[in-house]
Amino acid sequence: MSAPPVLPTAQLRNARIAVGSCFFINAVFYANLVPRLPEVKADLGLSNSSLGAALAAAPLGALLAALSAATLMRRFGSARVATIGLVLLGLVVWSVSIAPNWLALAAALLLAGALDAVVDVAQNAHGLRVQRLYGRSILNAFHGGWSIGAVTGGLIGSAAAGLGVPLTVQLGAVAVVFGIVALVGYRALLPGPDDADRDAALERGPATGRRSPWRAAALPLMALGLLGVCGAFVEDAGASWSALYMRNELAVGAAAAGLGFVALQSAMTLGRLTGDRAVDRFGQRRVVQAGGAVTAFGMGLALAFPSMWTALIGFALAGLGVATLIPAVYHAADELPGLSTGSGLTVINWLLRVGFLLSPPIIGVLADATSLRIALLTVVLAGLGALVLGRVLPTTVR
(Lines give C-alpha, C1' and ligand atoms only; values in the text may rest on other atoms or scores of the structure.)
Protein backbone atom coordinates (compact mmCIF):
# COMPACT_ATOMS: atom_id res chain seq x y z
CA MET A 1 0.00 0.00 0.00
CA SER A 2 1.22 3.50 -0.73
CA ALA A 3 -0.93 4.96 2.04
CA PRO A 4 -2.74 3.70 5.12
CA PRO A 5 -6.30 2.51 4.56
CA VAL A 6 -8.89 5.28 4.39
CA LEU A 7 -11.95 4.99 6.62
CA PRO A 8 -14.90 4.82 4.21
CA THR A 9 -17.39 7.64 4.53
CA ALA A 10 -21.11 7.22 3.95
CA GLN A 11 -20.67 8.70 0.45
CA LEU A 12 -17.95 6.18 -0.41
CA ARG A 13 -19.97 3.27 0.93
CA ASN A 14 -22.96 4.36 -1.13
CA ALA A 15 -20.77 4.75 -4.22
CA ARG A 16 -19.40 1.24 -3.66
CA ILE A 17 -22.93 -0.17 -3.52
CA ALA A 18 -23.89 1.77 -6.65
CA VAL A 19 -20.89 0.48 -8.61
CA GLY A 20 -21.62 -3.06 -7.44
CA SER A 21 -25.17 -2.60 -8.73
CA CYS A 22 -23.80 -1.58 -12.15
CA PHE A 23 -21.80 -4.80 -12.43
CA PHE A 24 -24.77 -6.87 -11.26
CA ILE A 25 -27.25 -5.23 -13.66
CA ASN A 26 -24.82 -5.44 -16.57
CA ALA A 27 -24.69 -9.23 -16.17
CA VAL A 28 -28.43 -9.66 -15.61
CA PHE A 29 -29.49 -8.02 -18.87
CA TYR A 30 -27.89 -10.46 -21.31
CA ALA A 31 -27.98 -13.51 -19.02
CA ASN A 32 -31.77 -13.35 -18.72
CA LEU A 33 -32.00 -13.73 -22.52
CA VAL A 34 -29.69 -16.76 -22.80
CA PRO A 35 -32.12 -19.45 -21.52
CA ARG A 36 -34.68 -18.30 -24.09
CA LEU A 37 -32.47 -18.29 -27.17
CA PRO A 38 -33.99 -21.60 -28.32
CA GLU A 39 -37.37 -19.82 -28.50
CA VAL A 40 -35.85 -16.97 -30.50
CA LYS A 41 -34.36 -19.53 -32.88
CA ALA A 42 -37.68 -21.33 -33.29
CA ASP A 43 -39.80 -18.17 -33.66
CA LEU A 44 -37.58 -16.81 -36.44
CA GLY A 45 -37.11 -20.21 -38.08
CA LEU A 46 -33.32 -20.03 -37.87
CA SER A 47 -30.85 -22.83 -38.42
CA ASN A 48 -28.06 -23.49 -35.93
CA SER A 49 -25.55 -21.75 -38.19
CA SER A 50 -27.84 -18.74 -38.65
CA LEU A 51 -28.31 -18.36 -34.91
CA GLY A 52 -24.58 -18.73 -34.40
CA ALA A 53 -23.88 -16.01 -36.95
CA ALA A 54 -26.36 -13.69 -35.22
CA LEU A 55 -24.81 -14.37 -31.81
CA ALA A 56 -21.37 -13.59 -33.24
CA ALA A 57 -22.62 -10.05 -33.88
CA ALA A 58 -22.36 -9.31 -30.14
CA PRO A 59 -18.56 -9.76 -29.83
CA LEU A 60 -18.17 -8.02 -33.17
CA GLY A 61 -20.09 -5.01 -31.86
CA ALA A 62 -17.93 -5.04 -28.74
CA LEU A 63 -14.74 -4.96 -30.79
CA LEU A 64 -16.05 -2.11 -32.94
CA ALA A 65 -17.21 0.04 -30.03
CA ALA A 66 -14.82 -0.75 -27.18
CA LEU A 67 -12.17 1.77 -28.22
CA SER A 68 -14.73 4.61 -28.02
CA ALA A 69 -15.19 4.16 -24.27
CA ALA A 70 -12.28 6.41 -23.22
CA THR A 71 -13.50 9.27 -25.43
CA LEU A 72 -17.03 8.99 -24.07
CA MET A 73 -15.79 8.97 -20.48
CA ARG A 74 -13.61 12.02 -20.99
CA ARG A 75 -16.61 13.90 -22.31
CA PHE A 76 -19.41 12.65 -20.06
CA GLY A 77 -17.70 10.96 -17.09
CA SER A 78 -17.62 7.27 -16.19
CA ALA A 79 -20.71 7.52 -13.94
CA ARG A 80 -22.95 8.88 -16.67
CA VAL A 81 -21.58 6.58 -19.37
CA ALA A 82 -22.12 3.49 -17.20
CA THR A 83 -25.64 4.50 -16.14
CA ILE A 84 -26.99 5.61 -19.52
CA GLY A 85 -25.25 2.69 -21.17
CA LEU A 86 -27.00 0.24 -18.83
CA VAL A 87 -30.43 1.76 -19.49
CA LEU A 88 -29.85 1.55 -23.25
CA LEU A 89 -28.48 -2.00 -22.93
CA GLY A 90 -31.68 -3.15 -21.24
CA LEU A 91 -33.78 -1.63 -24.02
CA VAL A 92 -31.62 -3.12 -26.77
CA VAL A 93 -31.78 -6.61 -25.24
CA TRP A 94 -35.58 -6.19 -25.06
CA SER A 95 -35.60 -5.38 -28.78
CA VAL A 96 -34.43 -8.94 -29.46
CA SER A 97 -37.93 -10.09 -28.48
CA ILE A 98 -39.54 -8.04 -31.27
CA ALA A 99 -36.94 -8.72 -33.97
CA PRO A 100 -38.91 -9.82 -37.07
CA ASN A 101 -36.05 -11.51 -38.89
CA TRP A 102 -32.38 -12.56 -38.76
CA LEU A 103 -31.06 -9.16 -39.81
CA ALA A 104 -32.93 -7.33 -37.04
CA LEU A 105 -31.78 -9.91 -34.49
CA ALA A 106 -28.15 -9.57 -35.57
CA ALA A 107 -28.42 -5.76 -35.48
CA ALA A 108 -29.82 -5.85 -31.94
CA LEU A 109 -27.07 -8.17 -30.75
CA LEU A 110 -24.42 -6.04 -32.48
CA LEU A 111 -25.65 -2.98 -30.59
CA ALA A 112 -25.93 -4.94 -27.36
CA GLY A 113 -22.31 -6.04 -27.68
CA ALA A 114 -21.22 -2.46 -28.37
CA LEU A 115 -23.05 -1.09 -25.33
CA ASP A 116 -21.77 -3.91 -23.11
CA ALA A 117 -18.16 -3.09 -24.04
CA VAL A 118 -18.56 0.62 -23.27
CA VAL A 119 -20.40 -0.07 -20.00
CA ASP A 120 -17.74 -2.58 -18.99
CA VAL A 121 -14.95 -0.02 -19.29
CA ALA A 122 -16.96 2.73 -17.57
CA GLN A 123 -18.04 0.63 -14.59
CA ASN A 124 -14.48 -0.65 -14.07
CA ALA A 125 -13.12 2.90 -14.31
CA HIS A 126 -15.57 4.13 -11.71
CA GLY A 127 -14.94 1.09 -9.54
CA LEU A 128 -11.21 1.81 -9.60
CA ARG A 129 -11.95 5.42 -8.69
CA VAL A 130 -13.88 4.26 -5.62
CA GLN A 131 -11.13 1.74 -4.82
CA ARG A 132 -8.46 4.45 -4.79
CA LEU A 133 -10.48 6.49 -2.31
CA TYR A 134 -11.05 3.41 -0.15
CA GLY A 135 -7.31 2.81 0.00
CA ARG A 136 -7.66 -0.96 -0.35
CA SER A 137 -8.69 -3.55 -2.93
CA ILE A 138 -12.44 -3.84 -3.65
CA LEU A 139 -12.46 -4.39 -7.42
CA ASN A 140 -12.58 -8.18 -7.21
CA ALA A 141 -15.84 -8.04 -5.27
CA PHE A 142 -17.37 -5.97 -8.08
CA HIS A 143 -16.48 -8.70 -10.56
CA GLY A 144 -17.90 -11.25 -8.13
CA GLY A 145 -21.13 -9.25 -8.20
CA TRP A 146 -21.10 -9.56 -12.00
CA SER A 147 -20.89 -13.34 -11.67
CA ILE A 148 -23.83 -13.35 -9.25
CA GLY A 149 -25.77 -11.16 -11.69
CA ALA A 150 -25.13 -13.64 -14.49
CA VAL A 151 -26.55 -16.47 -12.38
CA THR A 152 -29.52 -14.30 -11.35
CA GLY A 153 -30.27 -13.37 -14.95
CA GLY A 154 -30.10 -17.00 -16.00
CA LEU A 155 -32.52 -17.99 -13.25
CA ILE A 156 -34.93 -15.21 -14.25
CA GLY A 157 -34.91 -16.39 -17.87
CA SER A 158 -35.30 -20.04 -16.90
CA ALA A 159 -38.16 -19.33 -14.50
CA ALA A 160 -39.96 -17.14 -17.04
CA ALA A 161 -39.62 -19.83 -19.69
CA GLY A 162 -40.96 -22.46 -17.32
CA LEU A 163 -43.95 -20.28 -16.43
CA GLY A 164 -44.66 -19.48 -20.05
CA VAL A 165 -44.10 -15.73 -19.66
CA PRO A 166 -43.89 -14.11 -23.12
CA LEU A 167 -40.34 -13.13 -23.99
CA THR A 168 -41.35 -9.54 -24.71
CA VAL A 169 -42.91 -9.22 -21.25
CA GLN A 170 -39.93 -10.80 -19.49
CA LEU A 171 -37.22 -8.73 -21.20
CA GLY A 172 -39.35 -5.58 -20.96
CA ALA A 173 -39.94 -6.01 -17.24
CA VAL A 174 -36.24 -6.69 -16.59
CA ALA A 175 -35.25 -3.64 -18.67
CA VAL A 176 -37.64 -1.35 -16.79
CA VAL A 177 -36.98 -2.63 -13.26
CA PHE A 178 -33.20 -2.79 -13.48
CA GLY A 179 -33.04 0.35 -15.64
CA ILE A 180 -34.76 2.25 -12.83
CA VAL A 181 -32.33 0.75 -10.31
CA ALA A 182 -29.42 1.96 -12.45
CA LEU A 183 -30.87 5.49 -12.66
CA VAL A 184 -31.46 5.61 -8.91
CA GLY A 185 -27.93 4.37 -8.28
CA TYR A 186 -26.49 7.12 -10.47
CA ARG A 187 -27.12 9.63 -7.68
CA ALA A 188 -24.81 7.65 -5.38
CA LEU A 189 -21.90 7.47 -7.83
CA LEU A 190 -19.00 9.84 -7.28
CA PRO A 191 -19.47 13.34 -8.73
CA GLY A 192 -16.96 15.41 -10.66
CA PRO A 193 -14.36 14.54 -13.29
CA ASP A 194 -12.58 11.21 -13.08
CA ASP A 195 -9.09 12.60 -13.78
CA ALA A 196 -8.88 14.78 -10.68
CA ASP A 197 -9.30 11.91 -8.24
CA ARG A 198 -7.09 9.62 -10.29
CA ASP A 199 -4.13 11.96 -10.59
CA ALA A 200 -4.38 13.00 -6.95
CA ALA A 201 -4.53 9.40 -5.73
CA LEU A 202 -1.60 8.36 -7.87
CA GLU A 203 0.34 11.50 -6.91
CA ARG A 204 1.18 12.36 -10.47
CA GLY A 205 -0.13 14.42 -13.29
CA PRO A 206 -0.05 13.89 -17.03
CA ALA A 207 3.23 12.68 -18.46
CA THR A 208 5.68 15.31 -19.63
CA GLY A 209 8.74 15.25 -21.79
CA ARG A 210 9.36 14.46 -25.41
CA ARG A 211 8.53 10.79 -25.27
CA SER A 212 4.92 9.97 -26.18
CA PRO A 213 3.02 8.44 -23.24
CA TRP A 214 1.55 5.89 -25.66
CA ARG A 215 5.04 4.82 -26.75
CA ALA A 216 6.06 4.44 -23.13
CA ALA A 217 2.91 2.46 -22.34
CA ALA A 218 2.96 0.23 -25.43
CA LEU A 219 5.07 -2.61 -24.01
CA PRO A 220 3.33 -2.69 -20.60
CA LEU A 221 -0.06 -2.66 -22.34
CA MET A 222 1.03 -5.52 -24.60
CA ALA A 223 2.22 -7.56 -21.60
CA LEU A 224 -0.96 -6.82 -19.66
CA GLY A 225 -3.02 -7.71 -22.72
CA LEU A 226 -1.28 -11.09 -23.04
CA LEU A 227 -1.83 -11.68 -19.33
CA GLY A 228 -5.51 -10.89 -19.73
CA VAL A 229 -5.79 -13.23 -22.72
CA CYS A 230 -4.44 -16.02 -20.50
CA GLY A 231 -7.42 -15.42 -18.25
CA ALA A 232 -9.76 -15.32 -21.25
CA PHE A 233 -8.56 -18.74 -22.43
CA VAL A 234 -9.21 -20.27 -19.02
CA GLU A 235 -12.68 -18.74 -18.67
CA ASP A 236 -13.69 -19.70 -22.20
CA ALA A 237 -12.50 -23.26 -21.72
CA GLY A 238 -15.10 -23.65 -18.98
CA ALA A 239 -17.85 -21.91 -20.91
CA SER A 240 -17.30 -23.40 -24.36
CA TRP A 241 -15.57 -26.76 -23.91
CA SER A 242 -16.04 -28.21 -20.42
CA ALA A 243 -19.39 -29.88 -21.15
CA LEU A 244 -18.15 -31.29 -24.46
CA TYR A 245 -14.97 -32.59 -22.83
CA MET A 246 -16.84 -34.31 -20.03
CA ARG A 247 -19.50 -35.77 -22.32
CA ASN A 248 -17.31 -36.99 -25.19
CA GLU A 249 -13.91 -37.58 -23.62
CA LEU A 250 -15.04 -38.81 -20.18
CA ALA A 251 -18.39 -40.34 -21.25
CA VAL A 252 -20.39 -38.81 -18.38
CA GLY A 253 -24.15 -38.38 -18.58
CA ALA A 254 -25.88 -35.32 -19.99
CA ALA A 255 -26.86 -34.04 -16.55
CA ALA A 256 -23.29 -34.24 -15.22
CA ALA A 257 -21.67 -32.81 -18.34
CA GLY A 258 -22.52 -29.24 -17.36
CA LEU A 259 -20.96 -29.52 -13.93
CA GLY A 260 -17.50 -28.55 -15.21
CA PHE A 261 -18.80 -25.10 -16.12
CA VAL A 262 -20.63 -24.84 -12.80
CA ALA A 263 -17.46 -25.80 -10.92
CA LEU A 264 -15.35 -23.22 -12.74
CA GLN A 265 -17.88 -20.39 -12.37
CA SER A 266 -18.65 -21.17 -8.73
CA ALA A 267 -14.98 -21.26 -7.77
CA MET A 268 -14.32 -18.08 -9.73
CA THR A 269 -17.18 -16.27 -7.99
CA LEU A 270 -15.93 -17.42 -4.60
CA GLY A 271 -12.40 -16.32 -5.50
CA ARG A 272 -13.59 -12.87 -6.57
CA LEU A 273 -15.71 -12.34 -3.47
CA THR A 274 -12.77 -13.24 -1.22
CA GLY A 275 -9.93 -12.08 -3.48
CA ASP A 276 -9.69 -8.52 -2.21
CA ARG A 277 -8.47 -9.66 1.19
CA ALA A 278 -5.82 -11.84 -0.44
CA VAL A 279 -4.71 -8.95 -2.67
CA ASP A 280 -4.48 -6.58 0.30
CA ARG A 281 -2.42 -9.10 2.25
CA PHE A 282 -0.12 -10.53 -0.42
CA GLY A 283 -0.29 -8.04 -3.31
CA GLN A 284 -1.73 -8.39 -6.81
CA ARG A 285 1.42 -9.86 -8.31
CA ARG A 286 1.73 -12.76 -5.87
CA VAL A 287 -1.99 -13.57 -5.94
CA VAL A 288 -2.13 -13.69 -9.75
CA GLN A 289 1.10 -15.67 -10.03
CA ALA A 290 -0.06 -18.14 -7.39
CA GLY A 291 -3.38 -18.37 -9.22
CA GLY A 292 -1.55 -19.17 -12.44
CA ALA A 293 0.26 -22.01 -10.71
CA VAL A 294 -3.02 -23.30 -9.25
CA THR A 295 -4.65 -23.19 -12.71
CA ALA A 296 -1.80 -25.06 -14.37
CA PHE A 297 -1.67 -27.67 -11.60
CA GLY A 298 -5.44 -28.20 -11.50
CA MET A 299 -5.95 -28.62 -15.24
CA GLY A 300 -2.71 -30.57 -15.58
CA LEU A 301 -3.98 -33.01 -12.95
CA ALA A 302 -7.37 -33.29 -14.66
CA LEU A 303 -5.86 -34.00 -18.08
CA ALA A 304 -3.16 -36.36 -16.81
CA PHE A 305 -5.65 -38.47 -14.82
CA PRO A 306 -8.93 -38.13 -16.74
CA SER A 307 -12.11 -38.82 -14.75
CA MET A 308 -15.25 -36.90 -13.89
CA TRP A 309 -13.98 -36.03 -10.42
CA THR A 310 -10.50 -34.90 -11.46
CA ALA A 311 -12.13 -32.83 -14.22
CA LEU A 312 -14.42 -31.11 -11.72
CA ILE A 313 -11.47 -30.44 -9.41
CA GLY A 314 -9.40 -29.19 -12.34
CA PHE A 315 -12.04 -26.78 -13.64
CA ALA A 316 -12.72 -25.55 -10.10
CA LEU A 317 -9.02 -24.87 -9.45
CA ALA A 318 -8.77 -23.14 -12.84
CA GLY A 319 -11.68 -20.85 -11.97
CA LEU A 320 -10.23 -20.11 -8.55
CA GLY A 321 -6.80 -19.48 -10.07
CA VAL A 322 -7.94 -16.81 -12.54
CA ALA A 323 -10.52 -15.19 -10.26
CA THR A 324 -8.48 -12.04 -9.61
CA LEU A 325 -6.54 -11.97 -12.89
CA ILE A 326 -8.73 -9.76 -15.07
CA PRO A 327 -9.52 -7.25 -12.26
CA ALA A 328 -5.76 -7.01 -11.61
CA VAL A 329 -5.06 -6.37 -15.31
CA TYR A 330 -7.71 -3.64 -15.40
CA HIS A 331 -6.23 -2.00 -12.32
CA ALA A 332 -2.67 -2.07 -13.65
CA ALA A 333 -3.72 -0.70 -17.05
CA ASP A 334 -5.62 2.17 -15.47
CA GLU A 335 -2.51 3.28 -13.57
CA LEU A 336 -0.05 3.38 -16.45
CA PRO A 337 1.75 6.74 -16.34
CA GLY A 338 0.71 9.46 -18.75
CA LEU A 339 -2.48 7.87 -20.08
CA SER A 340 -5.74 9.72 -19.53
CA THR A 341 -8.59 8.19 -17.58
CA GLY A 342 -10.02 5.12 -19.24
CA SER A 343 -7.42 4.90 -22.02
CA GLY A 344 -5.51 1.95 -20.61
CA LEU A 345 -8.75 0.26 -19.57
CA THR A 346 -10.18 0.72 -23.05
CA VAL A 347 -7.20 -0.88 -24.79
CA ILE A 348 -7.12 -3.81 -22.35
CA ASN A 349 -10.86 -4.35 -22.66
CA TRP A 350 -10.49 -4.50 -26.45
CA LEU A 351 -7.59 -6.96 -26.24
CA LEU A 352 -9.53 -9.15 -23.82
CA ARG A 353 -12.46 -9.30 -26.21
CA VAL A 354 -10.10 -10.33 -29.00
CA GLY A 355 -8.90 -13.12 -26.70
CA PHE A 356 -12.45 -14.31 -26.01
CA LEU A 357 -13.17 -14.19 -29.75
CA LEU A 358 -10.06 -16.17 -30.76
CA SER A 359 -10.06 -18.74 -27.97
CA PRO A 360 -12.93 -20.99 -29.22
CA PRO A 361 -11.66 -21.43 -32.79
CA ILE A 362 -8.06 -22.00 -31.66
CA ILE A 363 -9.07 -24.73 -29.23
CA GLY A 364 -11.50 -26.12 -31.81
CA VAL A 365 -8.85 -26.39 -34.50
CA LEU A 366 -6.43 -28.06 -32.09
CA ALA A 367 -9.15 -30.47 -30.95
CA ASP A 368 -9.93 -31.46 -34.55
CA ALA A 369 -6.24 -31.98 -35.29
CA THR A 370 -5.54 -34.00 -32.14
CA SER A 371 -8.19 -34.37 -29.42
CA LEU A 372 -10.05 -32.06 -27.06
CA ARG A 373 -8.02 -33.47 -24.18
CA ILE A 374 -4.81 -32.35 -25.91
CA ALA A 375 -6.32 -29.02 -26.95
CA LEU A 376 -7.21 -28.20 -23.35
CA LEU A 377 -3.50 -28.19 -22.56
CA THR A 378 -3.81 -24.56 -23.69
CA VAL A 379 -5.43 -23.94 -20.28
CA VAL A 380 -2.32 -25.33 -18.59
CA LEU A 381 -0.19 -23.07 -20.80
CA ALA A 382 -2.44 -20.12 -19.92
CA GLY A 383 -1.88 -20.81 -16.22
CA LEU A 384 1.89 -20.92 -16.77
CA GLY A 385 1.58 -17.71 -18.78
CA ALA A 386 -0.14 -16.02 -15.84
CA LEU A 387 2.64 -17.26 -13.55
CA VAL A 388 5.31 -15.69 -15.79
CA LEU A 389 3.51 -12.56 -17.00
CA GLY A 390 2.17 -11.78 -13.53
CA ARG A 391 5.52 -10.06 -12.95
CA VAL A 392 4.21 -7.01 -14.86
CA LEU A 393 1.61 -6.34 -12.17
CA PRO A 394 2.23 -3.95 -9.27
CA THR A 395 2.78 -5.51 -5.87
CA THR A 396 0.39 -3.13 -4.10
CA VAL A 397 -3.03 -1.55 -4.67
CA ARG A 398 -3.22 2.25 -4.67
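User: What makes R272 and E235 a salt bridge?

Analyst: In this predicted model, the closest N and O atoms of R272 and E235 are 3.4 Å apart. The cut-off asks for a side-chain nitrogen of Lys or Arg within 4 Å of a carboxyl oxygen of Asp or Glu, and the pair therefore counts as a salt bridge. The pair links distant parts of the chain, with R272 in helix α13 (residues 259–282) and E235 in helix α11 (residues 213–249), 37 residues apart. Both R272 and E235 are buried.

User: Why is D120 called buried?

Analyst: The relative accessibility of D120 is 13%, and buried means under 20%, so D120 counts as buried. D120 is found in helix α7, and, when residues up to four places away in sequence are not counted, D120 touches Y330, N349 and R353.

User: How do you know that the side chains of R353 and D120 meet in a salt bridge?

Analyst: The N to O distance between the side chains of R353 and D120 is 3.5 Å, and the limit is 4 Å, so the pair qualifies as a salt bridge. Because R353 lies in helix α17 (residues 343–369) and D120 in helix α7 (residues 102–134), this salt bridge ties together parts that are 233 residues apart in sequence. Both R353 and D120 are buried, and D116, D120 and R353 are linked in a network of salt bridges.

User: What makes the pair D334 and R132 a salt bridge, and which parts does the pair tie together?

Analyst: The side chains of D334 and R132 meet at 2.9 Å, N to O, which is within the 4 Å that the definition allows, so the pair is a salt bridge. D334 lies in helix α16 (residues 325–334) and R132 in helix α7, so the pair ties together parts that are 202 residues apart in sequence. Both D334 and R132 are buried. By this rule, the count comes to five salt bridges.

User: What makes up the largest nonpolar core, and which residues touch the most other members?

Analyst: The largest nonpolar core has 75 residues, of which V130, L224, Y245, L325, I348, L372 and L376 touch the most other members. Its largest share, twelve residues, comes from α11. Membership requires buried residues of the nonpolar kinds joined through side-chain atoms within 4.5 Å. Leaving aside its neighbours within four places in sequence, Y245 is in contact with residues including L303, F315, L372 and L376. Apart from the largest core lies another, of 29 residues, among them A54, A57, V92 and L105.

User: How many residues line the largest pocket, and how do they divide by class?

Analyst: About 2,000 Å³ of space lies in the largest pocket. Of the 46 residues that line this pocket, Y30, V34, W146, A239 and F356 are the closest to its centre. The lining divides into 28 nonpolar, twelve polar and six charged residues, and its largest share, eight residues, comes from helix α8 (residues 139–163).

User: Why does G291, in the lining of the second largest pocket, count as polar?

Analyst: G291 is one of the residues nearest the centre of this pocket, and Gly is placed among the polar residues, so G291 counts as polar. The second largest pocket has a volume of about 230 Å³ and is lined by 14 residues, which divide by class into seven nonpolar, six polar and one charged. Helices α13, α14 (284–304) and α15 (308–321) each supply at least two residues of that lining.

Methods:
Residues are numbered from 1 along each chain as its sequence is written. This is a predicted model: local features need pLDDT of at least 70, side-chain atom pairs count only at pLDDT 80 or more; totals for chains, interfaces and linings use all residues. Side-chain values use heavy atoms; hydrogens and water are left out. Helices (H or I, at least four residues) and strands (E, at least two) are DSSP runs, numbered from the N terminus. Buried means under 20% relative accessible area, exposed over 50%, partly exposed in between (1.4 Å probe, protein chains only). On a 1 Å grid over the protein atoms alone, a cavity is a set of points where a 1.4 Å probe fits but cannot get out, and a pocket is an open set with protein on both sides within 12 Å along at least five of seven lines; lining residues have an atom within 4 Å of a point. Grid points are joined across faces, edges and corners, and a volume is the space filled by probe spheres set on the points. Contact means heavy atoms within 4.5 Å.
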